[in-house]
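Trainee: Could you take me closely through the part of this model where the ligands are held, and set it against the way the protein is divided into domains? I would like one connected account rather than a list.

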Amino acid sequence: MYSDNHLGAVLRAASTGRDDAVFAWLPDRTGQSYGTFFQQAERMAARLLALGLQPGDRVAVQVPKSIEALQLFVGTILAGGVFLPLNTDYTPAELSYFISNSEPRILVVHSAAEPALAQLAREAGVSQLLTLDADGGGSLVAGLAPASDFRAVSRGAGDLAAILYTSGTTGRSKGAMLSHENLSSNALTLRDHWGFAAQDTLIHALPIFHTHGLFVATNIVLTAGCAMRFFPRFDAAAIVQAMPVSTALMGVPTFYVRLLKEEGLSAAAAGMRLFVSGSAPLLDETHARWQAATGHAILERYGMTETNMNTSNPYDGERRAGTVGLPLPGVDLRIVDAAGSAVPAGEPGVIEVRGPNVFMGYWQMPEKTAEEFRDDGYFITGDIARQAADGYVSIIGRAKDLIISGGYNVYPKEIELLIDALDGVNECAVIGVPHPDFGEGVVAVVDRSGDIGAEDIQSAIAPDLARYKQPKMIVFVDALPRNTMGKVQKNLLRNDYAAVFDA
Ligand code: MLC
Ligand code: AMP
């Protein structure tokens, strides 16, 4: 029994009365039915409640991808809690900030990480530290009580359902607060816009700690009541193999670049209905090569952690390469100049969006939240785009100093602060330059005073930085280029090092 408006009810609606339908085909080739999935999610909810979870309490989770992790997501929602997933690549140093900032009542981690995190959890006031492993084992599941009648804890549309941290341009990560309505409205809009229905099978190979894999992919499957092939990680050959028994794939551009190298792609993709790309710019070249290889035009869409999905190319209609399509139904979008006035069609400006998809604000950062919203409710995305007279939006840059590597966001400031603090470094600038696999690759340009080498820098920053954020190259210069205001000219550096990953 789940009350209306509750994200849990929205996610369950399409599978109600269809308990035997398969929700997920797992890596061991067994299928988990909707009935089993929701029963397990309810048992997890009951366990969280028995451990003292109160409505609005955070359940922070850093665990490997598994179907049990998705049960925990839905279980947290059913228990009235707030799901807070964390990238599995984050180091204990990075975790420490997220945990102390979000003050979760319950923290669920991989059992190998438990000893290292026990003290941190205690200091942050976490009342329960549980484990969940890749195979679904661990203390969370071991402590589940038998299934019994479960009633979801009542929550309203505007109540908090999830917090996802996004790195901040000034270094501090911000927790984006997403309500039940933010998540349910976007899932339903996308399901309908992309034509997902019970007969679909989605290839799910994305991580489930970000908007793309968790809210876009998983919530669409649930709201459509369809099946997914659930991969623990991206594996190009396995995905091609799965295509003949699937209908749709969602991925970041790196997925498509890698899949294009696979033999047998053309034949395997023939019967697929839909390929969606997002989280980072899809090169025109990749779009064209994919169409030539498979006959399918990749459908590119655009979103953010804070806003869920904002725009999409049409399902029926022109999927225009190099664009992220049109504003989704219910999403207001405008392109504005520095003063916040709308620019004429075709002119560049910053994208601002408003709608039921747009988040509630940053966790415990009212000033930051106020800075990024206009008085009339539009959220300032920091993405620079043009909108053609016929409505198609093309993203042409970013006002924010952000690198997107393989679909993961990397904020240069965070890395610069660590490198600048090292003995033997005067200062550095971290930039993103074209990378054949990841779209953009992280490069640190360092002005050194001593004899510090690239390896010294790498090993000094490694304990504090997730692997994907660590520079793929470090170069040394005598001085960083500056403009007359003294600001480092990253555009010049990006030009200078544009070809370093070409080989
Ligand atoms: C892995 N590595 C990366 C990386 N992923 N480096 C930079 N950027 C990345 N994205 C590192 C590894 O640590 C390893 O380093 C080396 O690169 C090779 O790893 P790999 O085995 O090739 O990586 P793989 O596991 O295959 O992962 C690549 C990937 C993955 C592209 C499949 O990064 C991925 O799943 N990205 C999806 C991210 C995502 O879901 N984004 C959505 C955000 S939501 P070493 O040195 O140890 O060898 C959002 C909103 C929206 O943006 O609109 O959707
Ligand atoms: P995140 O903070 O991880 O949610 O990343 C959101 C950012 O990813 C957006 O602000 C954009 O800069 C970028 N992004 C998402 N989708 C696309 C896309 N299709 N094309 C270009 N950039 C995108």
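Mentor: What follows goes from the domains to ligand 1 and then to ligand 2.

Please keep in mind throughout that this is a predicted model. The protein is divided into three domains, of which domain 1 is made of two segments, 7-18 and 34-179, while domain 2 covers 234-398 and domain 3 covers 402-496. Between domain 1 and domain 3 the C-alpha centres are 34 Å apart, and the contact between these two domains draws on eleven residues from domain 1 and twelve residues from domain 3. The area that domain 1 and domain 3 bury between them comes to about 930 Å², with 51% of it on carbon and sulfur atoms.

Turning to ligand 1, both domain 2 and domain 3 contribute residues to its shell, and ligand 1 therefore lies between these two domains. The shell consists of 22 residues, and the closest of them are R258, S279, R301, S405 and R467. Sorted by class, the shell around ligand 1 holds ten nonpolar, eight polar and four charged residues. Several backbone atoms approach this ligand: an N or O atom in the backbone of G303 is 3.2 Å from one of the oxygen atoms of ligand 1, whereas a backbone N or O atom of G406 comes to 2.9 Å from a nitrogen atom of the ligand, and a polar backbone atom of G407 is likewise placed 2.9 Å from a nitrogen atom of ligand 1. Taken alone, ligand 1 exposes 1000 Å², and the protein buries 73% of that area. Two elements, α10 (253-259) and β13, each give two or more residues to the shell around ligand 1.

Strand β13, which spans 299-304, also takes part in the shell around ligand 2, where β13 and β20 (393-398) each supply at least two residues. With five residues, β13 gives the most to that shell. In total 16 residues surround ligand 2, and the closest are R301, T305, D383, K400 and N409; R301 is also listed among the closest residues to ligand 1. The classes represented around ligand 2 are seven nonpolar, four polar and five charged residues.

The polar pairs at ligand 2 involve backbone as well as side chains. A backbone N or O atom of R301 is found 2.7 Å from a nitrogen atom of ligand 2. From the side chains, a polar atom of K400 lies 2.6 Å from an oxygen atom of the ligand, and an N or O atom of N409 is 2.7 Å from an oxygen atom of ligand 2. Ligand 2 exposes 500 Å² when taken alone, of which the protein buries 92%.

Definitions and conventions. Residues are numbered from 1 along each chain as its sequence is written. Chains are lettered from A and ligands numbered from 1 in the order in which they are written. This is a predicted model: local features need pLDDT of at least 70, side-chain atom pairs count only at pLDDT 80 or more; totals for chains, interfaces and linings use all residues. Side-chain values use heavy atoms; hydrogens and water are left out. A residue is near a molecule or strand if one of its heavy atoms lies within 4 Å of it. A polar contact is a pair of N or O atoms within 3.5 Å; within protein, one must be able to donate a hydrogen and the other to accept it, and residues adjacent in sequence count only if both atoms are side-chain atoms. Accessible areas come from the Shrake-Rupley method with a 1.4 Å probe; for residues, only the protein chains shown count as cover. Helices (H or I, at least four residues) and strands (E, at least two) are DSSP runs, numbered from the N terminus. Ala, Val, Leu, Ile, Met, Phe, Trp, Tyr, Cys and Pro count as nonpolar, Asp, Glu, Lys and Arg as charged, and the others, Gly among them, as polar. Domain bounds come from an automatic or database domain assignment. Contact means heavy atoms within 4.5 Å. Buried area is the accessible area (1.4 Å probe) that two parts lose on being put together, summed over both.
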